[in-house]
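Reader: I should like to examine this model and ask on what grounds its features are named. Please show it first.

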Amino acid sequence: IDLALDSVAERLPKTGQLALTLTGDSIPMAPLAELTDAVTDMQGAARADITVGGTWEKPALSGTAGVDLAQVRLAATGVLMNDVVGRVRMAVDTMVIDSLSARSGGRIAGSGTILLSPMDNPTLQLTMRAVDARVLDNEQGELFADGTVRATGPLDSLAVTGDVAIVRGVIFIPDPAKFDVIDTQDPAIFAVTDTATAEELGISAGSPAAQNLRMDVGVEVRRG
């Protein structure tokens with residue numbers, strides 16, 4: 001692995017041999033929340049017994065891992081998930097998610113596979129189902145939903161499909177006096193359609209996964 005501080009074309013040779021063993025029991029998950037803005041209030045532990053071999057392009061994995069969280073909050077929606085339980089196993093170049101469940105008002109459950117070959121562009125085949133689950137809980141409102149959502153394909157051309165029904169909840173209408181006026185001359189706005197300008201200004205252009213994401217999710221709002 002090239003550990004030079006300067007930018008390099010390839011830190012880990014794709015044909016280089018991998019040899020990694022990860023073993024742990026009752027690994028605290030709370031410190032992980034300090035490394036990302038995606039989640040907060042994480043309480044629980046994980047365990048793993050995983051061996052990684054092969055190469056970066058063709059990994060060979062074996063073992064199992066699990067996570068048991070008393071709670072974790074999703075920063076983007078404000079939703080607090082309770083009783084989060086996940087079980088995965090490794091099968092050569094595939095991570096098999098045997099079960100993933102959580103409680104947020106109602107129940108959320110998921111399963112599927114992630115093909116890790118190549119590891120820099122994995123292929124997902126995931127399904128998530130919700131029954132009367134809280135999907136929004138912040139200053140914008142509180143919503144509960146039923147539905148099934150699937151994520152399929154390589155990460156750089158991911159397709160998200162399914163159907164979601166909002167079964168109950170409330171949306172808070174913001175005070176117009178507090179609206180932020182968008183300046184169309186703002187370089188950050190202009191950079192959305194000009195990635196070259198974004199690079200010059202040091203503005204992140206977003207990940208390839210988000211740029212090429214295809215969504216076809218039907219949304220139904222049930223009233224009364």
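Reader: In which sense do strand 5 and strand 6 pair, and over how many bridges?

Author: Strand 5 and strand 6 pair in the antiparallel sense, over nine bridges. Two strands count as paired if DSSP finds at least two bridges between them, so the nine bridges here satisfy the definition. This is a predicted model, in which local features need pLDDT of at least 70 and side-chain atom pairs count only at pLDDT 80 or more, while totals for chains, interfaces and linings use all residues. Residues are numbered from 1 along each chain as its sequence is written, and side-chain values use heavy atoms, with hydrogens and water left out.

Reader: What stands opposite Leu100, and what phi does Gly105 take in the hairpin?

Author: Leu100 stands opposite Gly110 in strand 6. One residue lies between the strands of the hairpin, where Gly105 takes a positive phi near 80°.

Reader: What makes strand 6 and strand 7 a pair?

Author: Strand 6 and strand 7 are joined by nine bridges in the antiparallel sense. Ile114 has Leu124 in strand 7 as its bridge partner.

Reader: How do you know how many helices and strands the chain has?

Author: Helices (H or I, at least four residues) and strands (E, at least two) are DSSP runs, numbered from the N terminus. By that rule the chain has three helices and 10 strands.

Reader: Why is the space of about 420 Å³ called a pocket?

Author: On a 1 Å grid over the protein atoms alone, a cavity is a set of points where a 1.4 Å probe fits but cannot get out, whereas a pocket is an open set with protein on both sides within 12 Å along at least five of seven lines; lining residues have an atom within 4 Å of a point. The space of about 420 Å³ is the largest pocket, and is therefore an open set in this sense. Its lining has 20 residues, with Met128, Ala130, Val135, Val149 and Val164 nearest its centre. Strand 7 gives the most to this lining, six residues.

Reader: What makes the lining of the second largest pocket nonpolar or charged?

Author: Ala, Val, Leu, Ile, Met, Phe, Trp, Tyr, Cys and Pro count as nonpolar, Asp, Glu, Lys and Arg as charged, and the others, Gly among them, as polar. The second largest pocket holds about 270 Å³. Among the 16 residues that line the second largest pocket, Leu69, Val72, Leu74, Val84 and Leu100 are the closest to its centre. By class, its lining has 15 nonpolar, one polar and no charged residues. The lining of the largest pocket has 14 nonpolar, three polar and three charged residues.

Methods
Grid points are joined across faces, edges and corners, and a volume is the space filled by probe spheres set on the points.
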